[in-house]
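User: I'm new to this one and would like to know where the labels come from. Could you walk me through them?

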Amino acid sequence: MENARTVICTKCGAQLEPDQDYNIYRCNFCGVAFGSSILFNKDAMEKADKSLQLGEYNEADVWYRCVLMREPKNFMAFRGRILCAGKWKSVTEIDTEVMSEVRIKKLYKRIEEAMGHSDDEEMDYFASFRKVVSVIERYCQNENEINPLNARLAKLSEQRKQFYIQQEEAEREAEEQPVRVITEIYGETAVKNSVKEVEQKLQPLLEQRKYLDHEFRVARQFLIGVEKKKGIDTTQKK
Ligand SMILES: [Zn+2]
């Protein structure tokens, strides 16, 4: 007969209660339930890492949670859950990519959870992870501002092309009928000014982008450095 073991809910921190036969452990506060065969699987960590390497992030996350329910300070499980939230197999895979606000929020939440439960010596690591995520967040904002401006430029350039075609036609006609004076094509100056205006808005954003790219590389390198110091294999396993 199995005895009740202490299991902590990764969602709310309450203790999970076993059912009569110790088959299912349930959190009476938030309703999370886990089968004991999963919960007490001795290969949970191994299974988690394997799923992570395969890019099965939801599955990996469940295994990491199982580890944390038994060992609420397990560093590798916290790290794994953050990687799962970002859909990264390792920290070397992290890049400046556009991601949804939901995913960024989830990443911050996982990092906060890790910082709230880990020992002091792990804080550097999670702080550097938070730095990486904050650069990605700003990168996404920057991208969201740049994209509509680029789209506007593309439209304006299309309009300009149309003006050139009209102008060429006008010039051809003028050659045939020298009496006609080529007048400025209506709206051309407005388009030119619009292009200037958009380019002026774009320029500081592109500079910011360059700065963010640099800041990102530095932050990620720092994170990789902390992993190396901790003896984590940062190269990707096949
Ligand atoms: Zn709970």
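Analyst: Sure, here is a chat about the labels, and keep in mind that this is a predicted model.

User: Let's start with the helices. What makes H4 and H5 roughly antiparallel to each other?

Analyst: The axes of H4 (residues 75-86) and H5 (residues 101-117) cross at roughly 175°. An angle over 145 degrees counts as roughly antiparallel, so H4 and H5 get that label. Their axes also come within 9 Å.

User: Which residues make the contact?

Analyst: On H4 you'll find Phe-78, Arg-81, Ile-82, Ala-85 and Gly-86. H5 brings in Arg-103, Lys-106, Leu-107, Arg-110, Ile-111 and Ala-114. Sorted by class, the contact has 6 nonpolar, 1 polar and 4 charged residues.

User: Now the loop between H4 and H5. Why is Lys-87 called exposed?

Analyst: Lys-87 sits in that loop. Count the other C-beta atoms within 10 Å of Lys-87 and you get 12. The exposed label goes to residues with 12 or fewer, so Lys-87 is exposed. Its backbone is worth a look too: phi of Lys-87 is near 55°, a positive value in a residue other than glycine.

User: Where else is there a positive phi in a residue that is not a glycine?

Analyst: Try Tyr-22, with a phi of about 60°. Tyr-22 is in the loop between S1 and S2.

User: Is Tyr-22 exposed or partly exposed, and how do you know?

Analyst: Tyr-22 has 15 C-beta neighbours inside 10 Å. Exposed would need 12 or fewer, and buried would need 20 or more. The count for Tyr-22 falls in between, so Tyr-22 is partly exposed.

User: And the strands around that loop, how do you know that S1 and S2 pair?

Analyst: Pairing takes at least two bridges. S1 and S2 (residues 24-26) have 2 bridges, in the antiparallel sense, so they count as paired. As an example of a bridge, Pro-18 has Tyr-25 in S2 as its partner.

User: What is the strand order in the open sheet?

Analyst: The order of its 3 strands is S1-S2-S3, with antiparallel pairing. S1 (17-18) and S3 (33-35) are the edge strands, since each pairs on one side only.

User: On to Asp-43. What makes it exposed?

Analyst: Asp-43 has 9 other C-beta atoms within 10 Å. The limit for exposed is 12 or fewer, so Asp-43 is exposed. You'll find Asp-43 in the loop between H1 (36-39) and H2 (44-53). Its C-alpha is 9.4 Å from that of Val-67, a residue 24 positions apart from it in sequence.

User: How about H6, why do Asn-150 and Ala-170 get the labels they do?

Analyst: Both are in H6 (residues 123-176). Asn-150 has 12 C-beta neighbours inside 10 Å, and 12 or fewer means exposed, so Asn-150 is exposed. Ala-170 has 16 other C-beta atoms within 10 Å; that lies between the two cut-offs, so Ala-170 is partly exposed.

User: How far apart in space are Ala-170 and Glu-101?

Analyst: Their C-alpha atoms are separated by 51 Å, with their positions 69 residues apart along the chain. For Asn-150 and Glu-46, 104 residues apart in sequence, the C-alpha distance is 46 Å.

User: Finally, what domains does the chain have?

Analyst: The domain assignment gives domain 1 (1-72) and domain 2 (89-238). Their C-alpha centres lie 40 Å apart.

Terms used. Residues are numbered from 1 along each chain as its sequence is written. This is a predicted model: local features need pLDDT of at least 70, side-chain atom pairs count only at pLDDT 80 or more; totals for chains, interfaces and linings use all residues. Helices (H or I, at least four residues) and strands (E, at least two) are DSSP runs, numbered from the N terminus. Axes are lines fitted to C-alpha atoms, for helices over the stretch in contact, and angles run from 0 to 180 degrees between N-to-C directions. Angles under 35 degrees count as roughly parallel, over 145 as roughly antiparallel, 65 to 115 as roughly perpendicular and the rest as oblique. Two residues are in contact if their C-beta atoms, placed from the backbone, lie within 7 Å. Ala, Val, Leu, Ile, Met, Phe, Trp, Tyr, Cys and Pro count as nonpolar, Asp, Glu, Lys and Arg as charged, and the others, Gly among them, as polar. Domain bounds come from an automatic or database domain assignment.
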